[in-house]
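Please examine the model displayed here and read the report beneath it.

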Amino acid sequence: MSNLVKRAAKSIPILCIKAGEYRGWLKQQPAMVRNWLADFSPDPGAYKAIPDRQGKRGKVVAVVADKPRLWDLAALPYGLAAGNYHISGKLSPEAASDLALGWELGAYRFTRYKKPDRPPAKLVWPESADQKLVAAIAGSVNRGRDLINTPAEDMGPADIAAAVREVAKTHGAKVAEIIGDDLLKQNYPLIHAVGRASNRPPRLVELRWGNPGDPLVALVGKGVCFDTGGLDIKPSSGMYLMKKDMGGAACALAVAEMVMALKLPVRLRLLIPTVDNAISGNAFRPSDIFRSRKGLTVEIGNTDAEGRLILADALAAAVEEKPALIVDFSTLTGAARTALGTELPALFSNNDDLAGDLMRAGQAQFDPLWRLPLVQDYKAELKSKAADLNSAPNSPYAGAITAALFLEHFVDKTPWIHLDLMGWHLSAKPGRPEGGEPMTARAVFAMLADRFKK
């Protein structure tokens, strides 16, 4: 349910004061307002409700950046009392859209298993906001959050497929699935190997949308519904959040939903390999060797490095149709988190222009990324004495880079971006509640929208 309303019989005004103009504005206010704001710190994102002369709710003073930013009002949906509010005064279309989107993202709570303590405050749509754009982006991000937050008991491979089908039905897309042993028959051996130990069969979910004459964009999302680590089992401390290991799938689906809702002139192919990395008598083992879809043989260095295996087969399939570009999304390595922290996804690419476009889009959308290098000398770490590749080198160094280099073997020369992300906020910030987050989705969509303008 949206927390942006088209109209309201009564609503409380929010005065958005630019930080650089706050002191001058304050001097012009009556004594009562100046007294209420005596101890107020006018930093962007700060706000304060001021009563009227009768002691009732009068107005809200909110400080925004001199160029209003996405998160400037994002704390207000739960910082203010429930009710309807409107932004007083005129905003540029960009600022109006950003503030409305921040409000909607800030109003999100995961409610599948527990009722919220209170409803969020609602905002009347700012007059110049792009309602279609805001609704599409917020709806896609919040769906992605729901998917990541849902525990693995209720979010297995079949449930991810159902989520893809639901989105596809809304936008007239086509969906196909390859399930269980049919993965072997149709040459997806690495996806099958990772998922075969679970009682929930592995599958490859594929969505197609768009006009045949438009450029093909392939999105690939890692969908490990729960990662025990396999036979190289994780410690309990490392396993608790592994319901989020399908965060790449949630990101890819979020971008696909934005593309379709806003009708970008592209031909979309979404590929989600989705599995449980479980433990049973037929689990794949360290030192096992499998032939990938591309034909390269892969020795298993560590069964807890399963995400790159399922992505490898999906990337190989994506390349076969010669797309204009490929973007893959994955919660792939702890090494990327060690290098950049949990809030800054790692970006790898074999195309400087593509990487630069995405970096700029991330900055503009407040959805940041940071590029790490594909150091070709490190490919030596992936050598195996018994196979073409070792999936996980026995080295404590450069783990995010060697994982990306492993995937690079399966994309040939196709322009490609690999995103290694956390998919989870460990603590809450305005507009970004603690929990699942389809990081990079807004940035990737903005990059695609700019590249493939009508």
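The report covers the overall dimensions, the surface and one sheet.

This is a predicted model in which local features need pLDDT of at least 70 and side-chain atom pairs count only at pLDDT 80 or more, while totals for chains, interfaces and linings use all residues. Residues are numbered from 1 along each chain as its sequence is written, and side-chain values use heavy atoms, with hydrogens and water left out.

The chain contains 15 helices and 20 strands; these are DSSP runs (helices H or I, at least four residues; strands E, at least two), numbered from the N terminus. Its radius of gyration, 24 Å, agrees with the value near 22 Å for a compact globule of 454 residues, taken over C-alpha atoms with a rule of 2.2 Å times the number of residues to the power 0.38.

| Property of the chain | Value |
|---|---|
| C-alpha box along the principal axes | roughly 80 × 50 × 40 Å |
| Exposed area (Shrake-Rupley, 1.4 Å probe) | about 19600 Å² |
| Carbon and sulfur share of the exposed area | 51% |
| Buried residues (under 20% relative accessible area, 1.4 Å probe) | 56% of 454 residues |

Of the contacts (heavy atoms within 4.5 Å) between residues at least 6 apart in sequence, 76% join residues at least 24 apart.

An open sheet of six strands runs in the order S1-S6-S5-S2-S4-S3, with mixed pairing; strands pair if DSSP finds at least two bridges between them. Its edge strands, S1 (4-5) and S3 (47-51), each pair on one side only. S1 pairs with S6 (residues 122-124) in the parallel sense over two bridges, and Leu 4 has Leu 123 of S6 as its bridge partner.

Conventions: Buried means under 20% relative accessible area, exposed over 50%, partly exposed in between (1.4 Å probe, protein chains only).
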